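Colleague: Could you walk me through this model at the bench-side level? I would like to ask a few things as we go.

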Amino acid sequence: MLKAICSKKNLEEHLYFKTVEDIIYSNEVQQLKQFQHHVSTTRFQHSLNVSYYNYLLCKKFKFNATAAARAGLLHDLFYYNRKEYVRKSGEKGHIARHPQVALKNATDLFKINQIEKDIILNHMWPFTLSMPKYKETYVIVLVDKYCAIMEFFAPYISKLKRKKNTLNKIKTATLVE
Ligand SMILES: [Fe+2]
Ligand SMILES: [Fe+2]
């Protein structure tokens with residue numbers, strides 16, 4: 001079942017799915033499951049989170065939700081571990097480089113339109129050299145950060161929830177006695 005962080009919906013049964021169904025099960029996107037991302041998740045799950053919330057926000061504001069969903073899924077399409085990567089001389093740092101790598105991979109594999117191109121290339125704005133050209137790109141700039149924060153704190157939140165549940169169980173058991 002496909003689920004985004006902080007959502008209980010089965011995304012395969014959601015309208016969102018129609019926008020990405022031709023790319024989400026491709027080997028190249030599925031390979032992202034092999035890479036850790038933001039400490040507690042995989043690059044695939046992060047990309048799915050960004051794609052889904054991009055879609056929801058852009059749909060709400062009547063922006064291009066399809067481009068937002070597709071580019072969201074492809075915005076981190078690179079196949080190396082950030083910490084293990086040895087930078088070649090003259091190469092830019094990870095923050096500026098990985099959107100270019102993701103765009104090259106995405107355009108080699110799929111048909112990408114101008115909006116999707118801009119979303120992928122400038123999702124790290126203002127750390128990129130160029131300015132975003134489309135409003136959908138500003139959406140991913142925010143959504144990407146939001147998802148990164150949620151992914152980082154997710155293990156702590158579930159730990160707190162487990163503690164709360166245990167305390168509630170103890171409380172109920174004590175009251176019954
Ligand atoms: Fe990124
Ligand atoms: Fe990202």
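Modeller: Happy to; here are some questions and answers on the metal site and the aromatic rings.

This is a predicted model, where local features need pLDDT of at least 70, side-chain atom pairs count only at pLDDT 80 or more, and totals for chains, interfaces and linings use all residues. Residues are numbered from 1 along each chain as its sequence is written, chains are lettered from A and ligands numbered from 1 in the order in which they are written, and side-chain values use heavy atoms, with hydrogens and water left out.

Colleague: Which residue coordinates both the iron ion (ligand 1) and the iron ion (ligand 2)?

Modeller: Donors are N, O and S atoms within 2.8 Å of the metal (3.2 Å for Na, K and Ca), and sites may look incomplete because water is not among the atoms. At 2.1 to 2.2 Å, the iron ion (ligand 1) has D76 (OD), H98 (NE2) and H123 (NE2). The two iron ions are 3.4 Å apart, and the residue coordinating both is D76.

Colleague: Is D76 buried or exposed?

Modeller: Buried means under 20% relative accessible area, exposed over 50%, and partly exposed in between (1.4 Å probe, protein chains only). D76 has 2% relative accessibility, so D76 counts as buried.

Colleague: How are the planes of F78 and Y80 arranged?

Modeller: Rings of Phe, Tyr and Trp (its six-membered ring) pair if their centres lie within 6.5 Å; planes under 30 degrees apart count as stacked, over 60 as edge-to-face and the rest as tilted. F78 and Y80 lie 4.8 Å centre to centre with 45° between the planes, so the pair is tilted.
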